[in-house]
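Me: Please take a close look at the salt bridges in this model. I would like the pairs, their distances and how accessible the partners are.

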Amino acid sequence: MTNIAAEKVFLAGVVRHPTKLFEYIEYLDEDDFHHTATCMTFEALRSLVVDKEAEKVTKAKLVAEAKALGHQNFLSATKNGEWLDELIAEEVTTNELDAHFMEVKRQSLKSKYLDSFSELRDYLSTTDDPLSIMIGKVENDVVSKVNILDKGEHAIQDMREGFQEFLESLAEDPGHMGLDIGYPLWQERIGQIRNGTITFIVGTTGSGKSQFGMKAAVIAARKGIPVLYLDSELSKHDQWVRMAAMLAKVPSEYVETGFVYLNESHLRDNGVTDQTKIDEIIAYGRRLRDPRLWEAVQKMPIFYQSISGLTVPDVIPHMRRWLLTHVKPDRETRAAQCLIVYDYIKLSMTTEISRGVLAEWQQHGLHVSHLHDFANRYNIPIIGFGQTNNELDEGIRCVAGGKRISENVDSVSYFKRKTDAERANDSSGTHMAKIFKSRYGRGLWGGYINFNADLRFGEFTELDLGSVRPPETDEEEDDDDDN
């Protein structure tokens, strides 16, 4: 069973909309294409778009890539390129592309089903196997074909199979539960920054939560772990300033003004007259010009994307493209393969909200649910950030989105600068972290962890558990309005 026309239109759609291939690539391989030209073209497209990140596909690129993959007969298979000209000229919308993907997969599954049934017919006509073995053989063959489209992710599985091997394999990496970013007390209480989870942190404007996110990104990238920083508020230049301040331990204001690159005479010309401050800036400048800094940055696989004005469903395709291009995730590993920092999850006006179909809190919950499904599907950790409500109080109610967010993330921490009264009660640290939810850790109900935060450098130092404990709050506090 084949539909060569559908295969050709699908490939034409990918040529026109290359990034859409990332939505289909997990479900397709060359065996799904049943014509020499479509099979070779798919392989060339996959290599160009997924492996080489080509943003535009041309006839010349396809021919060169196909030949590089060993298909020396590619031009003859495509009628000296005439077939490719037709393919590239085809107008295909994204909706049509989705429909033709389903048709290609439908025909491929039909073909595989027929092959399986033909093999089963031959088996059943000749077998002397007992009834139990015969039933098992038939069911296994059929089920293996049923799972082709979803790669078995949603198949019912026998929990006995692999149980012992899995437990014994945990000893191969003892103690490994998540990504270490240098805050052992907080990490233990939230249950670690694990693969397949969202670690959610909320804070008020100016509390340092965004710098906390960039610091986590820098720490992970310095370990050689690929990091994607999604930024809804600042710019790449702003984040470069913060990175430089963190890596060189130079106040960000001196980096941003460029003072660290000026000599004493130029500093005085720019209004810096205090000798002590001049000496300080010059000393900081030596740190920033240290060649070891540039060497360290070149080894850091950290990526940036502005997501201003985008909702979570808008951002997920970009996340998927980066992940499948730069990480190629392993769904079985316990080691952190990458880190995505989402700063921050906020609600943009959508058609559903403007029409009154969904309340804001419902849409917020759906968006965070999509993000959690993404983390779980690809077995990766995400650190997400959010804001507090205008009217703060203790407990989950201070989280914008409230209980709907908490239902779809794996831990919720509230990071805040201490008030004068809080510092008078407990002088340890400038900031505190409260933990309102922890799916895997033991939490910190009613207490907090002290931090020292020097936001000039984006430096965060975990200190100890707070010495003043307010009365415990109910983690499952009723929050039906989710304001």
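Reply: What follows goes through the salt bridges pair by pair and ends with one helix packing.

This is a predicted model, in which local features need pLDDT of at least 70 and side-chain atom pairs count only at pLDDT 80 or more, while totals for chains, interfaces and linings use all residues. Residues are numbered from 1 along each chain as its sequence is written, and side-chain values use heavy atoms, with hydrogens and water left out.

Side chains of opposite charge can pair when their charged atoms come close. The structure holds 22 salt bridges (a side-chain nitrogen of Lys or Arg within 4 Å of a carboxyl oxygen of Asp or Glu).

One of them joins Asp51 to Lys328, with N to O at 3.9 Å. Asp51 sits in helix 3 (residues 36-51) and Lys328 in the loop between helix 17 (312-326) and strand 4 (339-343), so that the pair links distant parts of the chain, 277 residues apart. Helices (H or I, at least four residues) and strands (E, at least two) are DSSP runs, numbered from the N terminus. Asp51 is partly exposed at a relative accessible area of 46%, and Lys328 is partly exposed at 47%; buried means under 20%, exposed over 50% and partly exposed in between, with a 1.4 Å probe and protein chains only.

Arg442 pairs with Glu188, their closest N and O atoms being 2.9 Å apart. Here the loop between strand 7 (431-438) and strand 8 (449-454) supplies Arg442, helix 10 (residues 184-190) supplies Glu188, and 254 residues separate the two. Arg442 counts as exposed at 55% relative accessibility, whereas Glu188 is partly exposed at 32%.

In the salt bridge of Glu459 with Lys215, the closest N and O atoms are 3.3 Å apart. Because Glu459 lies in strand 9 (residues 459-465) and Lys215 in helix 11 (residues 209-222), the pair ties together parts that are 244 residues apart in sequence. Glu459 is partly exposed at 23%, but Lys215 is buried, with a relative accessible area of 9%.

Salt bridges also link Lys20, Glu23 and Asp98 in a network.

Last comes the helix packing. Helix 1 (residues 4-16) and helix 6 (residues 82-89) pack at about 65 degrees, with axes 8 Å apart; axes are lines fitted to C-alpha atoms over the stretch in contact, and angles run from 0 to 180 degrees between N-to-C directions. Contact (heavy atoms within 4.5 Å) involves residues including Lys8 and Leu11 of helix 1 and Trp83 and Glu86 of helix 6.
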